[in-house]
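User: Please take a close look at a single part of this structure, a sheet and what packs on it, and describe it in one connected answer.

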Amino acid sequence: MRWDNLSAPPDEGTPDGAAPATPPLPLALPGAIARTFDTPGFAGMTFYEVRAKSIINRVPGQSRVPFEWTINPYRGCSHACVYCVAGDTPIFMADGRTKPISELEPGDRIYGTERQGAYRRYVVTTVLDKWSTVKRAYRVTLEDGTTLVASGDHRFLTERGWKYVTGAMGGAGQRPYLTTSNRLIGTGRFAAGPKESADYRQGYLCGMVRGDGTIGVHPLRNSWSHQFRLALTDKEALDRTERFLRESGVETRRAPFGQAKPNRRAMEAIRASGMQKIDAIKELVRWPDAPTDDWRLGFLAGVFDAAGSCSLGVFRISNCADDILGRTADALDHFGFRWVVEDSGRPNRLRQIRLTGGLPSRLRFFHLTDPAITRKRTVAGAALKCSAKLRVVSIEDLGLELPLWDITTGTGDFIANGVVSHNCFARHTHTYLDLDAGADFDRKVIVKVNAGELVRRELAAPRWRGAHIAMGTNVDCYQRAEGRYRLMPPIIEALRDFANPFSILTKGTLLLRDLPLLRQAAEVTRVGLSYSVGFIDEELWHAVEPGTPSPRRRLDAVRQLTDAGFEVGVLMAPILPGLSDGDESIEATVAAIAASGASSVTPLALHLRPGAREWYAHWLAREFPHLVPRYRQLYRAGAYAPQAYQRELTARVRIAARRHGLHRGERGDNRGLPAASPPPPPEQLSLLEV
């Protein structure tokens, strides 16, 4: 077979047959089509729900695999996602600050929205997953100057509902999309936060100490006592003040302050004494003759922490001192804020500077100055309104494919640079989805919706003899579609109830969802679990395996399964000639596999069956053209690399495995659970195909 040959796809019934990158829809589906639909959460993917006639399939006799029977509840793969925004897009965090989307992690608390009564309101939600991909990028520019870089499939909330960045009206590909007549919902672009410079620190100390601290000199019998004290209920501001003083050369001591009272937050105080320290603090909080921008930002943050409040949408800074109020007003003017002064009417001449301009103005203050106290920065419960100038001015095709990111959240949305952004999947399914990245591989997935009942019926048949059943041998049974359809739990339950031995090979971390069932099955039969991890290089993973969980997440799953008592084998596959077969890559990958607690590692070189072969050749010529001659040489005889190359690769991996203490059969106690089945040879690994 020549490198550039195009061959007919292999029989889909064989476990070593790799589906083409874009397989044709089968002419005859197994069983009757129950429903065909395009799910909003799986953009562009079509799921063909069928009632299959059989589910336990015999492997053809000519195959060399070490098992005879397989179960494949899916045909086609949904390891793909296309809803993404640029990695530097600031996301609104639950503490009132922002963080680039690329730096978020599952478990982070952020703001989303929920409809409550007549309004959609801000609520705190959780990041459930994060992944990245490379997609054609578009720049959306809004009237206030906000810019958003996203894929054409990303959705934003407008005054007329959710709309894609690009799309069409009418025809098969119909979907609502943004135009220059739309207005997005939110506050508009977030202000950049301050740099923690020496001037910012000094400004913060000035605002905090003058706003709520005490500096005094008291007479003693033969001398004078120089004292400083700052007592607060909010430890965040006390921590920052203590740190800023220490970095300025003033050490303080900390202790509880006052008498603890029921239903009141306890207070703590930092103190300093001695003329030298007090003089240093006085110098730090001295009014500057020519304040810098950094000083003004620090001062506004400090005086807000000391004397500010923000409740029920009303932002105030209260004080009696003319100089403090004057400096506050001057700094607000300098940065373009609008404000009014309100007199309390009290004898002490307490006055309040109230910020106007609504939520956009309040958020701009918080992001621009960065006060320490997060409870004062909450916007939970605030209504989203269309007061900001967020009309779409332009939608520009950048003509580039860029790294883009997306997250899944508990509310199904998040706040991206001040506007409401939809995440990948509908709220009722996202918590069960196994996500990590996206690319358009197989777009049509056949779902055998009656797989569970078929397995139970066929295991109960008198002719069934309890042979080992391998899963994940043709299509990953824990692909993302499993999060929606949940076919695997009833399959495992049936295998458990009939004490039938089985094994699972996967790249999907969704396997962990079924850990309780796997443990129950392992009590009565042999259960083998294996993961495939060919390399740990993140850039290579994004390029070659964008539709799968990251290698690190897969190895985290191995660790969790190992901690649960299973012996988990890792197939170091596929190893890519010229890309991941170097000594450094092998060493790093084997070390990570050993650290995960895997019981064994089996190296497998890239296996290029027809279909995958053509796709990979096209990708290689585009991304690494200098490697094309080498691949033509290695794969000139067919789908497999030469035996000499495979033996040399295996020897190098085994040497690295011994170096890291990874030896088959030497794990020791596995808490009474059955050992993993031996890893299969290359013929089994069609799901490892690129």
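Analyst: What follows describes one sheet and the helices beside it. The model is predicted: local features need pLDDT of at least 70, side-chain atom pairs count only at pLDDT 80 or more, and totals for chains, interfaces and linings use all residues. Residues are numbered from 1 along each chain as its sequence is written, and side-chain values use heavy atoms, with hydrogens and water left out.

The sheet is open and has four strands, in the order β14-β15-β17-β16, with antiparallel pairing. Strands (E, at least two residues) and helices (H or I, at least four) are DSSP runs, numbered from the N terminus; two strands pair if DSSP finds at least two bridges between them. At the edges are β14 (214-219) and β16 (253-257), each of which pairs on one side only. From one strand to the next, the twist averages 30 degrees.

Strand β16 is joined to β17 (residues 267-273) by five bridges, and the two run antiparallel. Opposite Phe 257 stands Met 267 in β17.

Helix α1 (residues 198-212) packs on the sheet and touches β14 and β15 (224-232), where contact means heavy atoms within 4.5 Å. The direction of α1 makes about 100 degrees with that of β15; axes are lines fitted to C-alpha atoms, for helices over the stretch in contact, and angles run from 0 to 180 degrees between N-to-C directions. Helix α2 (residues 235-247) also packs on the sheet, touching β15, β16 and β17. The direction of α2 makes about 15 degrees with that of β17.
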